[in-house]
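Student: Could we go through this one together? I'd like to know where the labels come from.

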Amino acid sequence: MKILLMCHFPLTGSGSGVYTLNIAHALAKLGHEVRIIVPENQPPEDYGAFGVHPVYFNSCTEEALGFNFPCFTTHPRSTQTFYDLSERELDAYEAAFRRAIEEEIRTFSPDVIHCGHAWLQPAYAADYDIPLVVTIHGTDLIGYEKIARGHDSSTFLFRDAAKRSLEEAAAIITISQENDALVRRLFPDEAPKCHLILNGYNSDVFYPDDVTRANVLAEHGIAGSFDHLVSFAGKFAHFKGIDVLLRGVAELQRARPERAGDTAFVLAGDGELFEDMNVLAAELGVANVHFVRNQPHDALRRLYSAADVSLLTSRKEPFGLVIIEAMACGAPVIGSNDGGAVDIITPEVGLLFESENAIDLAAKMDAVLDGNVTFDRAAVAAYARRRFSQDESIHHLVGIYEGAIG
């Protein structure tokens, strides 16, 4: 089968990008032919097993669009939002992606097109009479509802595009129970097309690595001797709740002063709030909080493998792929009880804290660091592999493609 994947973001730096990348790897393993159309502001990696068709932004090449690729909130490599684009820029965006779709149809002849996010790209792809599959990632529906609450009329084209993409789709993939329920509520006529497939991770990349805490910290230039390591990975956007994380660390260090010296907190990621969160950390006076910016997957694997616990502090997380990746490396996790984490975290692999409650987060962290709550790291990794390995879920997705093709 020939599958053309499309994503509104590069293949690294966002959950939907990594989702697309993981699917491509898993499909290629099964012998399917895969091409991916993505926005880029730098040369993409050569993945070998499948091809990448970049649509360039930010004047990085002669043919690049003269603005950065747009996001719903932020991305480690762009703070441009869809809502900030001018009419001229939106026209240029559409023309560039239509050229890419038409070139792939001409040279690759896909059997099916699978787009991430019910947004602009699947609305374009719907015009080419090729079976369309759309994955709902959550930020698209947040955008859809946000527009309905009073954005000016020019942004209704996004809402119309989202609606049309689902109407024209042969199948709709949802990634969590909450995500699935929201799609069915907002688009009841499309509910029969919905298929719930929890996100998967790449087991070739994320697994328990044989590393030491000291070596991992040294990789990031962090000096000192620590008894514990707490990790976080994600983009620095408001909905990720990094301010809640920092306040949780402050509460922990206030209640247990020894935690200021014996625990390193390593925050990997980037985005529009990166500097703001550094300022907040200074204002709170937290000790040993280290901001290491965006990291490649192999560095994240080592970080998770050395961490006592990994955090997901989002205010509203549609899924939470990073905590699956952390668990795959053996790290237990603490996630907020609002969003996709409730579908993932069981008492055997982690804890849930009350969303936005820094005091509760501090208590949950201390319970793990103090050994009052313990986890079998091998069992945590086995749970992730059994439930969330992309190699397991890809067969369900292939069946949906086959059904869409007919």
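What follows is a chat about the reasons behind some labels in this predicted model.

Student: What makes strand 3 and strand 7 the edges of the sheet?

Tutor: Start with the order: seven strands form an open sheet, arranged 3-2-1-4-5-6-7 with parallel pairing. Strand 3 (51-56) and strand 7 (194-196) each have a single partner strand, so one side of each has no neighbour in the sheet. On average, neighbouring strands here are turned by 20 degrees against each other, direction ignored.

Student: How do you know that strand 6 and strand 7 really pair?

Tutor: Count the bridges: a pair needs at least two, and strand 6 (residues 171-174) shares three with strand 7, in the parallel sense. So they qualify as a pair. Thr174, for instance, sits opposite Leu196 of strand 7.

Student: Why are helix 1 and helix 15 called roughly perpendicular?

Tutor: Helix 1 and helix 15 (residues 390-405) pack at about 80 degrees, with axes 10 Å apart. The label covers 65 to 115 degrees, so that angle earns it.

Student: Which residues meet there?

Tutor: From helix 1, Asn22, Ile23, Ala26, Leu27 and Lys29 touch Gln390, Asp391, Ile394, Leu397, Val398 and Tyr401 of helix 15. By class, that contact has seven nonpolar, two polar and two charged residues.

Student: And how does helix 6 run relative to strand 7?

Tutor: Helix 6 (residues 177-186) lies across strand 6 and strand 7, at about 170 degrees to strand 7. Angles over 145 degrees count as roughly antiparallel, so that word fits here.

Student: How do you know that the length of helix 2 agrees with what it should span?

Tutor: Helix 2 (residues 87-107) has 21 residues, and at 1.5 Å a residue they should span 30 Å. The end C-alpha atoms are 30 Å apart, so the two values agree.

Student: What do the buried residues of helix 2 pack against?

Tutor: Those buried residues, among them Leu90, Tyr93 and Phe97, pack against strand 1, strand 2, strand 3, helix 3 (120-125) and helix 5 (156-168).

Student: Why is Arg293 called partly exposed?

Tutor: The label runs between 20% and 50% relative accessible area, and Arg293 comes out at 35%, so it fits. Arg293 belongs to the loop between strand 10 (289-291) and helix 11 (297-306), and its phi is positive, near 60 degrees, though it isn't a glycine.

Student: What about Glu356?

Tutor: Glu356 has 48%, so it counts as partly exposed too. Glu356 lies in the loop between strand 13 (350-353) and helix 13 (358-369), with a positive phi of about 70 degrees.

Note on methods: Residues numbered from 1 in each chain as written. Predicted model: local features only at pLDDT ≥ 70, side-chain atom pairs only at ≥ 80, totals over all residues. Heavy atoms only, no water. Helix = DSSP H or I, 4+ residues; strand = E, 2+ residues; numbered from the N terminus. Axes fitted to C-alpha atoms, helices over the stretch in contact; angles between N-to-C directions. Contact = heavy atoms within 4.5 Å. Parallel < 35°, antiparallel > 145°, perpendicular 65-115°, else oblique. Nonpolar A, V, L, I, M, F, W, Y, C, P; charged D, E, K, R; others polar. Expected span 1.5 Å × (residues − 1). Buried < 20%, exposed > 50% of the residue type's maximum accessible area, 1.4 Å probe, protein only.
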